[in-house]
Amino acid sequence: MKTTPAAPGYTMRMPPLADRRSVAEQLCRECSGPIYSQGLETFRVPMALYQINRARVVRAMLERDPSARGLIVLEGGKQTTRYDTDHEPVFRQESYFHYLFGAAQHSDCYGTLSIPEGEATLFVPTWGVDVETFCGASPEFEKVKEELGLDAVRGVGELGQFAEEEMTRAADGGGSADDDAREDGEEEKKGGGGGGGCALSSPRLFLLKGLNTDSGNFAAPASFGGIEKFKDARDEDLLFECMAECRVTKVRRFARSRLCQLPGRRLSRTVSRPPRSTSSATPTGSPAWPTSVMRACKPGMMEYQLESLFQHHTYTHGGCRHVSYTCICACGPSANVLHYGHAGRPNDRLLKPSDVALLDMGAEYHCYASDITCSFPVSGKFAQDPRAIYEAVLAAQVRVMTELRPGASWAEMHRAAEREILRGLIGCGVLTVGGKDDRDVDAVVEEMLDADLGAVFMPHGMGHLIGIDTHDVGGYAPGTPARSSRPGLRKLRTARVVEEGMVLTVEPGCYFIDPLLDMALKDERQRKFVNEERLNDFRGTGGVRLEDDVRVTADGCENLTLCPRAVEEVVDVMAGGAWPQGDGVHKAVGSIALWTAHVGIGLRNTDLPLPIFMKRKVAMPKSIAEKDVMPELKRAWAQGRKDGNDQT
């Protein structure tokens with residue numbers, strides 16, 4: 001009999017829950033059992049994933065409060081109408097509800113989960129002939145049960161009576177296979193937790209209520225007919241804390257498994273991560289949306305046409321009816337508006353030959369989000385100044401991916417990105433080291449950070465958690481580092497210490513936003529570093545952002561995004577070149593290879609021109625000196641030293 005870890009002094013044995021999870025993990029490894037798919041060769045999601053999620057939540061609740069028993073009740077998303085009309089926007093499930101039940105296509109439902117057994121029941125609406133004439137037949141309970149891999153499905157009207165019966169059963173001791181654990185628990189010290197003033201030995205009705213630290217909005221607890229009977233049993237604390245924390249780390253990848261294999265193509269990943277097939281690469285082998293849009297982009301188009309191409313591609317090839325967020329197609333000066341594309345700036349500018357396009361778009365599949373940003377020259381070729389900014393941002397992204405691993409501070413990752421961007425701005429003359437020797441550049445960069453100069457050029461956070469929501473939950477949960485008050489850092493959506501299993505975006509950017517630049521020139525701490533004449537060359541040009549989705553592994557991170565990144569890759573793809581190139585591994589331009597080899601980008605074409613931001617003297621990176629990286633990397637670094645082209 002397996003023992004589940006608990007608070008000191010408690011022993012919890014939960015064979016049914018452990019067995020449920022074990023079976024679910026096997027189904028995920030085999031991609032068998034109930035499967036969600038949009039047909040053809042779209043991504044196949046094993047519904048066992050949600051069985052694992054349910055087991056994780058129940059276990060987390062019992063670890064916090066071993067005496068917990070009763071019933072979780074969640075209320076699903078509602079089909080709404082637009083203002084006072086009868087127009088129905090496309091339904092999207094409420095995220096917490098989807099996390100437990102995977103019921104992406106079922107509106108106006110409720111779901112319950114018994115504690116500690118983990119039995120899942122879905123309550124679906126039924127309707128009469130008038131509604132069925134327009135909307136089709138009411139859901140068939142048994143069919144929905146098999147489709148979602150649940151224990152039972154009932155009508156919404158049965159929820160009140162069901163809840164009363166379950167709470168009575170729990171008060172009477174249940175009768176499940178956990179009877180021996182219950183008996184042990186009665187003899188053990190009762191733990192803390194819970195809410196509503198309930199005695200810990202009494203069954204509780206666990207409802208979801210809590211603050212989303214990203215939006216400032218609250219998750220509302222379920223409400224249903226008959227809930228007033230449980231006013232003394234309500235617990236609105238434990239469930240939210242446990243579910244939000246479970247969503248922070250995703251179900252781990254089953255190593256080298258043939259998970260969700262499609263005809264002729266292996267997808268060695270789980271849908272617990274942002275779906276690469278929907279945005280950056282498709283299981284059909286068709287070009288990724290960034291490459292499709294890059295190739296189609298040309299002066300004289302409108303920004304909204306790029307948005308349209310993205311939506312067409314991800315729906316046609318990925319089956320994605322939803323986008324993860326409002327599409328940002330910001331070209332030229334439009335990129336100075338960080339969340340461009342909203343009602344006041346609706347992707348409606350005409351593209352010019354000198355523009356750099358910043359496209360921040362992500363497709364959503366079965367409620368899981370992707371979030372990818374590409375920047376590229378509308379003309380197909382980089383001018384010198386835009387290239388300098390692009391390479392500074394790319395250096396920042398590569399640096400973060402190199403240093404990202406469990407135990408790293410996310411705030412420090414943000415600082416690492418700022419350092420690379422500031423170095424790039426020094427390299428192209430926008431910032432100055434004040435006549436100091438090049439050997440003092442690092443010290444000057446630290447002075448710039450102390451003066452908050454990094455936030456002038458990157459005024460947003462470097463990245464965020466991503467999952468069922470683009471800005472996923474848990475960023476500033478109780479017991480985690482508080483939000484900083486410093487410019488730039490205070491825009492981070494989390495300041496947590498990085499954990500294995502987190503999925504995060506890495507999205508450094510560099511922008512020339514007039515109000516921020518004007519403020520910097522009036523700030524005595526900042527203006528001494530600014531070459532105003534050179535800065536004016538970049539005003540009105542917009543900015544550059546690069547964003548990939550990564551999963552944190554035991555000793556680094558795995559990049560889930562497959563997009564052209566090196567300048568030569570971008571130019572080649574826009575000219576019609578193949579993508580992915582060769583074996584699908586990115587080219588490493590100059591010393592980017594030295595920074596990225598141990599995160600899987602590799603070394604190719606080392607005779608390419610040295611990027612502007614790399615033309616400075618530094619020691620061999622510690623990450624290369626101490627790691628067992630490819631021998632040719634160390635030879636390339638040594639050759640660069642010999643030739644006088646010292647590289648990082």
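**Exercise 1. How do α2 and α8 pack?**

In this predicted model, α2 passes α8 in a right-handed crossing. Work out which class the packing angle of helix α2 and helix α8 falls into, and which residues make the contact.

*Solution.*
Step 1: Find the two helices. Helix α2 covers residues 48-64 and helix α8 covers residues 238-248.
Step 2: Get the geometry. Their axes are 9 Å apart, and the packing angle is about 125°.
Step 3: Name the class. Angles over 145 degrees count as roughly antiparallel and 65 to 115 as roughly perpendicular. An angle of about 125° fits neither, so α2 is oblique to α8.
Step 4: List the contact. On the α2 side you'll find Arg56, Val57, Ala60, Met61 and Arg64. From α8 come Leu238, Leu239, Glu241, Cys242, Met243, Glu245 and Cys246.
Step 5: Sort them by class. You should end up with eight nonpolar, no polar and four charged residues.

**Exercise 2. Now try α10 and α11**

Repeat the job for helix α10 (residues 289-296) and helix α11 (residues 303-318).

*Solution.*
Step 1: The axes come within 9 Å and cross at roughly 140°.
Step 2: That angle makes α10 oblique to α11.
Step 3: As for handedness, α10 passes α11 in a right-handed crossing.
Step 4: α10 brings Trp289, Ser292, Val293 and Ala296 to the contact, while α11 brings Leu306, Leu309, Phe310, His313 and Thr314.
Step 5: Sorting this contact gives six nonpolar, three polar and no charged residues.

**Exercise 3. What surrounds the second largest cavity?**

Describe the volume and lining of the second largest cavity.

*Solution.*
Step 1: Start with the count: there are six cavities of 30 Å³ or more.
Step 2: The second largest one has a volume of about 70 Å³.
Step 3: Its lining has 13 residues, and Tyr99, Arg247, Thr249, Lys250 and Tyr368 lie nearest the centre.
Step 4: Look back at Exercise 1, as α2 and α8 each supply at least two residues of this lining.
Step 5: By class, the lining splits into five nonpolar, four polar and four charged residues.

**Exercise 4. And the second largest pocket?**

Give the volume of the second largest pocket, then describe its lining.

*Solution.*
Step 1: The space in this pocket comes to about 770 Å³.
Step 2: Count the lining: 31 residues, with Phe91, Ala104, Gln105, His106 and Ser107 nearest the pocket's centre.
Step 3: Check the elements. Those giving two or more residues to the lining are α4 (129-135) and β16 (363-365).
Step 4: Sort the lining, and you get 16 nonpolar, ten polar and five charged residues.

Methods. Residues numbered from 1 in each chain as written. Predicted model: local features only at pLDDT ≥ 70, side-chain atom pairs only at ≥ 80, totals over all residues. Heavy atoms only, no water. 1 Å grid on protein atoms, 1.4 Å probe; cavity = no way out; pocket = protein on both sides within 12 Å on 5 of 7 lines; lining within 4 Å. Points joined across faces, edges and corners; volume = space filled by probe spheres on them. Helix = DSSP H or I, 4+ residues; strand = E, 2+ residues; numbered from the N terminus. Nonpolar A, V, L, I, M, F, W, Y, C, P; charged D, E, K, R; others polar. Axes fitted to C-alpha atoms, helices over the stretch in contact; angles between N-to-C directions. Parallel < 35°, antiparallel > 145°, perpendicular 65-115°, else oblique. Left-handed = near helix turned anticlockwise from the far one by under 90°. Contact = heavy atoms within 4.5 Å.
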